[in-house]
Amino acid sequence: MQTLIIVVLSVALLLAVIKIFTAKQPAQASGTDAAINNIMTRTSVRSYTNEPVTDAQIETMLRAGMAAPSAVNKQPWKFVVVKNREKLKEIADSIGPSRAAAGAACVIAVCGDMTKTLDGVGRDFWIHDCSAATENILLAANALGLGAVWMGIFPDQNRVRTARALLDIPENQEVLCFIAIGHPAEKPTPKDKWKPENYRIIE
Ligand SMILES: Cc1cc2nc3c(=O)[nH]c(=O)nc-3n(C[C@H](O)[C@H](O)[C@H](O)COP(=O)(O)O)c2cc1C
């Protein structure tokens with residue numbers, strides 16, 4: 001009888017061990033999950049602490065910007081990174097409506113290089129290209145734990161003129177937008193923008 005109990009317990013123990021080792025492991029956050037999470041948690045941040053953004057972080061964001069797709073791979077973009085406090089204040093004072101730039105650690109101006117655009121009707125693809133670069137920079141900022149906001153310049157020609165003059169941007173470049181970036185001093189909840197009525201599927 002004692003032998004039988006030992007055998008039964010041994011088999012039960014063995015089965016339990018096998019179950020533990022063959023059990024499906026809980027899903028780990030995969031790279032895909034992390035990328036989607038980064039997209040879904042990005043939100044405009046307009047208030048920042050005094051902590052500086054490092055040159056390595058700036059390079060990461062610029063690399064993300066330049067990794068964007070562009071029509072016929074023209075990469076018709078130029079970036080101006082403003083870290084100078086006086087200049088940041090000038091930007092905030094002269095380019096409304098957001099004063100985010102005043103407290104930002106840096107501003108990246110995203111410019112379209114008209115010498116690199118497609119000819120004819122394809123010329124305006126620079127807007128798509130530079131917008132894709134801008135979104136990539138915003139996503140990189142979020143992934144780095146920074147806060148950022150897109151400040152539209154183009155097509156308001158008054159703002160484009162002001163931005164050109166402030167940052168010494170040549171006439172053959174358009175200025176799409178400024179991106180104010182810094183360590184977040186606010187944690188806005190990402191907006192839920194999911195609206196099923198905004199899409200349809202053709203099967
Ligand atoms: C083309 C464009 C121009 C924008 N311009 C400004 C701006 O001048 N000032 C500002 O505070 N936010 C600006 N934003 C940010 C929007 O207000 C913001 O993306 C929108 O309210 C949605 O909020 P979210 O970014 O937190 O999802 C701009 C965004 C885009 C795409």
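**The antiparallel sheet and its helix**

Let me begin with the pairing of strand β2, residues 106–113, and strand β4, residues 173–182, which run antiparallel and are joined by 8 bridges. I should say at once that this is a predicted model. Within that pairing, D113 has Q173 in β4 as its bridge partner.

On its other pairing, β4 meets β3, again in the antiparallel sense, and here the two strands are linked over 6 bridges. In this part of the sheet, M151 stands opposite F178 of β4.

Taking the strands together, we have an open sheet of 4 strands with antiparallel pairing, and the order across the sheet is β1-β2-β4-β3. Why do β1 and β3 each have one side left without a neighbour in the sheet? Both β1, residues 77–82, and β3, residues 147–152, stand at the edges with a single partner strand each, so one side of each remains without a neighbour. From one strand to the next, the twist averages 20°.

Next comes the helix that packs on this sheet, which is α6, covering residues 125–143 and touching β1, β2, β3 and β4. Its direction makes about 10° with that of β4.

Finally, is β4 mostly covered or mostly open? It is mostly covered, since 10 of its 10 residues are buried, where a residue is taken as buried if 20 or more other C-beta atoms lie within 10 Å of its own.

Methods. Residues numbered from 1 in each chain as written. Predicted model: local features only at pLDDT ≥ 70, side-chain atom pairs only at ≥ 80, totals over all residues. Pairing = 2+ DSSP bridges. Axes fitted to C-alpha atoms, helices over the stretch in contact; angles between N-to-C directions. Contact = placed C-beta atoms within 7 Å. Buried ≥ 20, exposed ≤ 12 C-beta atoms within 10 Å, placed from the backbone.
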